[in-house]
Amino acid sequence: MFRLWGKLFYNNHMLADSTIVNDDPNMTRTKKVFAAIDTLCHDFDLSQPIWLESNIQEFKRHSRTRFRQDNFMEQIDFDYFEIQIIEED
């Protein structure tokens, strides 16, 4: 089972969170991550964040990353959007 937890934070308070579960054995880890981000962005009414090199490296090391204002094309009304893999096969 693959589970990714997405959270929105403002002033060190969690505004919203959601967990996405994916049991498709035919999908790669990368496809599962991007599918989960698509779902979270739809649920939170966000545009897709831009992956910067720092996000990629952090995600590779810790299976989590934070998307801040510089990762979005439009103005955001929160401090950061955090994703974290909490379970994978």
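Visitor: How much space lies in the largest pocket?
Guide: This is a predicted model. R29, T30, V33, F34, W51, I56, F59 and K60 line the largest pocket. The space in this pocket comes to about 160 Å³.

Visitor: Which helix gives the largest share of the lining of the largest pocket?
Guide: Helix 1 (29–44) and helix 2 (53–62) each supply at least two residues of the lining. The largest share is four residues, and it comes from helix 1.

Visitor: How do the residues of that lining divide into nonpolar, polar and charged?
Guide: The lining includes V33, F34, W51, I56 and F59. Also in the lining are T30, R29 and K60. The division is five nonpolar, one polar and two charged.

Visitor: How far apart in space are N11 and R29?
Guide: R29 belongs to the lining of the largest pocket. N11 sits in the loop between strand 1 (2–10) and strand 2 (13–22). In sequence the two are 18 residues apart. C-alpha to C-alpha, the distance in space is 31 Å.

Visitor: In which sense do strand 1 and strand 2 pair, and over how many bridges?
Guide: The two strands form a hairpin with two residues between them. Within the pairing, R3 stands opposite V21 in strand 2. The sense is antiparallel, and the count is nine bridges.

Visitor: What is phi of N12?
Guide: N12 lies in the loop between strand 1 and strand 2. N11, in the same hairpin, has a positive phi of about 50° although it is not a glycine. N12 is also a residue other than glycine, and its phi is positive, near 60°.

Visitor: Is N11 buried, partly exposed or exposed, and which of these is N12?
Guide: Exposed means over 50% relative accessible area, and buried means under 20%. N11 has 48%, so N11 falls in between and is partly exposed. N12 has 70%, which is over the cut-off, so N12 is exposed.

Visitor: Which element gives the most to the largest nonpolar core?
Guide: This core has 19 residues, and L4, V33, L40, L46, F78, F81 and I83 touch the most other members. Strand 1, helix 1 and strand 4 (80–87) each supply at least two residues of this core. The most, six residues, comes from helix 1.

Visitor: Which residues of helix 1 are in contact with L4?
Guide: Neighbours within four places in sequence are left aside here. The contacts of L4 include S18, T19, I20, I83, Q84 and I85. Helix 1 spans 29–44. The contacts of L4 that fall in this span are V33, A36 and L40.

Conventions. Residues are numbered from 1 along each chain as its sequence is written. This is a predicted model: local features need pLDDT of at least 70, side-chain atom pairs count only at pLDDT 80 or more; totals for chains, interfaces and linings use all residues. Side-chain values use heavy atoms; hydrogens and water are left out. On a 1 Å grid over the protein atoms alone, a cavity is a set of points where a 1.4 Å probe fits but cannot get out, and a pocket is an open set with protein on both sides within 12 Å along at least five of seven lines; lining residues have an atom within 4 Å of a point. Grid points are joined across faces, edges and corners, and a volume is the space filled by probe spheres set on the points. Ala, Val, Leu, Ile, Met, Phe, Trp, Tyr, Cys and Pro count as nonpolar, Asp, Glu, Lys and Arg as charged, and the others, Gly among them, as polar. Buried means under 20% relative accessible area, exposed over 50%, partly exposed in between (1.4 Å probe, protein chains only). Two strands pair if DSSP finds at least two bridges between them. A nonpolar core is a set of buried Ala, Val, Leu, Ile, Met, Phe, Trp, Tyr and Cys residues joined through side-chain atoms within 4.5 Å. Contact means heavy atoms within 4.5 Å.
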